Amino acid sequence: MIYFFISDYHFSEYGGPDGELGASLRYLSQRFTMPLPELKATLTDIGTEELNHLEMIGAIVYQLTKDLTEDEIKKQGFEDYFVDHTTGVYPQSAGGSPYTAASMQVKGDPITDLHENMAAEQKARSTYDNILRFCDDYDVKDAIRFLREREVVHYQRFGENLRLMTDKLDEKNFYAFNPSFDKKCFKNCMKKK
């Protein structure tokens, strides 16, 4: 098994720009400005689930790297990482860039944030697709397939939330205001059911 190559991509899902750490922080931060309780609940649920995914990726990376010998570390090009972190699980991208909150978006506009979340879930799904192309460990592939499926479900839930949000706005151009900031407009634009 090529330990470094596989674990390198898993590091990206741990702390890369489209990884589980960023997703969790994004969703748990965005929930504060969502004007509808249903949207807050979805962001809380998915943000918490992303923390579980972070733990799964961390466990995979640890299991793939914990027993590396010095020769395997050198052979797989793992020495730069090893010098800084030994085989500790550190949030970084596949390219070695440490996690930064600059890679996540929290705009405070529910419509913008929901579109961002749908895009983020698609980017994470694409990353998992790429990991599956290179992974040769069936146990790891099963876990990655599960995580990939969850990205698809999250994308669908955010799409449902976007539809809920726009359906509740009685405004032809709901892009003309920010429902979480322009509260007076939001209250006036809500459909009465």
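**Entry 1: a loop residue**

I began with Ala101, which sits in the loop between helix H5 (79-85) and H6. The model I am reading is a predicted one. I looked up how open Ala101 is: it counts as partly exposed because its relative accessibility is 47%, and exposed would need over 50%. Then I checked its distance to Leu21, which is 80 residues away along the chain. The C-alpha atoms of Ala101 and Leu21 are separated by 9.5 Å.

**Entry 2: the whole chain**

Next I stepped back for an overview. I found 8 helices and 0 strands in the protein chain. Read from the N terminus, the elements go α-α-α-α-α-α-α-α. The chain has 193 residues, and 46% of them count as buried. I also looked at contacts with a separation of 6 or more, and 71% of these join residues 24 or more positions apart. The accessible surface comes to about 10300 Å², and carbon and sulfur atoms own 52% of that.

**Entry 3: helix H2**

Leu21 made me curious about H2, as Leu21 is one of the buried residues of this helix. How many of the residues of H2 are buried? I counted 8 of its 11, so I noted H2 as mostly covered. The buried ones are Glu20, Leu21, Gly22, Ala23, Ser24, Arg26, Tyr27 and Gln30.

I picked Ser24 for a closer look; its helix, H2, spans residues 20-30. Is Ser24 buried or exposed? Ser24 is buried, because its relative accessible area is 1% and the cut-off for buried is under 20%. Leaving out residues up to four places away in sequence, Ser24 touches Gly47, Glu50 and Leu51.

**Entry 4: a cavity**

Glu50 turned up again when I searched for empty space, since Glu50 is among the residues that line the largest cavity. I remind myself that rolling a probe the size of a water molecule over the atoms shows where empty space is left. The structure holds 1 cavity of 30 Å³ or more, and the volume of the largest cavity is about 40 Å³. Its lining consists of Pro17, Asp18, Gly19, Ala23, Arg26, Glu50, Ala120, Glu121, Ala124 and Glu151. Two elements, H2 and H6, give two or more residues to this lining. H6 has the largest share, with 3 residues. I sorted the lining by class and got 4 nonpolar, 1 polar and 5 charged residues.

**Entry 5: the nonpolar cores**

As a general note to myself, nonpolar side chains tend to be buried together in soluble globular proteins. Here the largest nonpolar core has 22 residues. Which of them touch the most other members? I listed Ile57, Ile60, Phe78, Tyr128, Val140 and Ile144. Helix H1 (3-15), H3, helix H6 (110-134) and helix H7 (138-168) each supply at least two residues of this core. H3 gives the largest share, 5 residues. Apart from this core I found another, of 15 residues, including Met34, Leu36, Leu162 and Leu169.

**Entry 6: one more residue of H3**

I closed with Ala59, which has its place in helix H3 (residues 37-65). Ala59 is partly exposed, because its relative accessible area is 26%, and buried would need under 20%. I also looked up Val89, which lies 30 residues from Ala59 in sequence. From C-alpha to C-alpha, Ala59 and Val89 are 8.6 Å apart in space.

Methods:
Residues numbered from 1 in each chain as written. Predicted model: local features only at pLDDT ≥ 70, side-chain atom pairs only at ≥ 80, totals over all residues. Heavy atoms only, no water. Helix = DSSP H or I, 4+ residues; strand = E, 2+ residues; numbered from the N terminus. Buried < 20%, exposed > 50% of the residue type's maximum accessible area, 1.4 Å probe, protein only. Contact = heavy atoms within 4.5 Å. Core = buried A, V, L, I, M, F, W, Y, C linked by side-chain atoms within 4.5 Å. 1 Å grid on protein atoms, 1.4 Å probe; cavity = no way out; pocket = protein on both sides within 12 Å on 5 of 7 lines; lining within 4 Å. Points joined across faces, edges and corners; volume = space filled by probe spheres on them. Nonpolar A, V, L, I, M, F, W, Y, C, P; charged D, E, K, R; others polar. Areas by Shrake-Rupley, 256 points an atom, 1.4 Å probe, with all protein chains shown as cover.
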